[in-house]
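This briefing covers a ligand site and a pocket. The sequence and structure come next.

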Amino acid sequence: MTTNNIRQIYVDHSAGKPVDSRVVAVMLPYFKVLYGNPSSFHRFGQEAKQALDNSREDISKLINAEKPETIIFTSGATESNNLAIKGMAIRNRQKGTKIVTSAIEHMSVVNSCKSLVRQGFQTTFSPVDSYGLLDLVKLEENIDEQTKLVSVVYANGEIGTIQPINEISEIVHKKGAYLHVDATAACGQIPVDVNKDGIDLMTISCNDMYGPKGVGALYLKDSLRIDPLLHGGGQERGLRSGTENVSSIIGFGKAAEITRLEMRSESKRLVKIRDSLIQGLIDPISYTFLNGHPKKRLPDNVSVRFNFIEGESILLSLALSGVFASSGSACAAKTLQPSHVLLAMGLKHEEAHGSLMITLGRQNTQKDADYIKELIPGIIDRLRNMSPLTPKELKK
Ligand code: PMP
């Protein structure tokens with residue numbers, strides 16, 4: 001991408017993705033022509049309802065859900081996580097009041113659990129190892145007979161580590177609990193199959209599949225019941241009242257269809273670029289380390305840390321050269337606190353602070369990676385020369 005002849009490389013795709021033009025094309029008629037409310041009985045309404053149901057089908061196909069009705073549309077991953085966790089916990093309150101989750105969840109999971117603690121529930125944050133993989137022995141120990149819900153992220157978008165969901169599902173079900181999986185970052189990048197993976201509830205994000213922002217879904221296994229968060233006209237089987245965001249949901253369906261057809265080849269392409277970037281940063285620059293698992297890793301994710309310097313100063317230097325990346329999760333960026341995800345993996349505060357997160361997308365090419373590989377060593381040298389934390393022998 002170029003603006004005013006300055007090369008611009010956007011590598012912050014886990015925070016936001018462009019909407020695919022094929023998705024925009026199918027959305028447009030729903031603004032000015034097919035504007036009916038899906039709850040209306042007349043033709044305009046029924047056309048909108050049919051289109052919603054087609055999207056439900058496209059999304060259910062992508063995740064191999066048993067039927068389209070298992071898909072509940074929401075305003076995004078945050079709402080889906082809230083609905084899954086609070087809806088499930090409150091529905092099953094009489095059977096047990098403990099929720100087990102992991103130490104590397106998105107804040108929408110962490111804060112949903114914390115809000116339940118204020119209502120008398122208990123939450124345990126199960127630990128991960130230095131790669132960000134859940135410790136399955138500890139997970140099993142943490143699930144007791146009071147636990148009715150376990151919530152685990154499929155793949156953390158910040159460090160890229162992919163969890164062994166199938167093994168987690170076996171443990172959770174053996175202990176008589178239900179499994180909610182936050183697949184926001186995973187669904188669209190790696191094959192996700194709710195049946196094979198043994199998932200009971202699953203959060204799906206639309207923008208992560210190059211659809212519009214502000215729309216998402218919760219997969220809810222056919223036999224399961226949860227309490228709604230929003231009460232009103234009873235849309236979405238009574239689980240999410242409010243007139244549906246029709247145009248965005250139509251875009252969501254198209255985004256899911258494109259993902260189903262193109263994900264394998266696109267992910268293969270990204271893995272090559274990802275690995276060349278990781279190597280190109282870690283090999284030539286001393287005291288530089290990969291965050292997350294080297295192999296069990298999302299195709300788009302390059303997360304590295306450079307000792308002795310601050311992630312924010314790397315970002316600033318990169319932005320001045322037209323490269324737009326991130327130092328961690330977009331949701332935590334405002335706080336300037338070290339990420340709870342990196343701390344949970346055992347990093348010290350000062351190590352976590354030096355992290356750079358590059359998340360690749362459909363428009364990135366190997367050329368972009370080569371440009372970034374060329375640019376970063378000079379930036380790191382300059383920042384380390386200025387940093388009081390850099391050992392003397394490393395200064396140039
Ligand atoms: N879960 C995970 C794993 C995420 O990475 C994010 C942020 N993209 C969310 C939930 C929340 O997504 P949103 O802000 O779109 O609701």
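Which helix gives the largest share of the shell around the ligand? Helix 4 (residues 77-91) does, with three residues; helices here are DSSP runs of H or I of at least four residues, strands are E runs of at least two, and both are numbered from the N terminus. The model is predicted: local features need pLDDT of at least 70, side-chain atom pairs count only at pLDDT 80 or more, and totals for chains, interfaces and linings use all residues. Residues are numbered from 1 along each chain as its sequence is written, and side-chain values use heavy atoms, with hydrogens and water left out.

**Ligand shell**
- Ala77, Thr78, Asn81, His106, Ser108, Val153, Asp182 and Thr184 surround the ligand (a heavy atom within 4 Å).
- By type, the shell has two nonpolar, five polar and one charged residue (Asp, Glu, Lys and Arg count as charged; Ala, Val, Leu, Ile, Met, Phe, Trp, Tyr, Cys and Pro as nonpolar; the others, Gly among them, as polar).

**Atom pairs with the ligand**
- A polar side-chain atom of Thr78 is 2.7 Å from a ligand oxygen.
- A ligand nitrogen lies 2.7 Å from a side-chain N or O atom of Asp182.
- A polar backbone atom of Ala77 is 3.4 Å from a ligand oxygen.

**Second largest pocket**
- Helix 3 (43-63) and strand 4 (71-74) each supply at least two lining residues, and helix 3 gives the most, with five.
- The lining divides into five nonpolar, four polar and seven charged residues.

Conventions
Polar contact = N/O pair within 3.5 Å; in protein donor to acceptor, adjacent residues only side chain to side chain.
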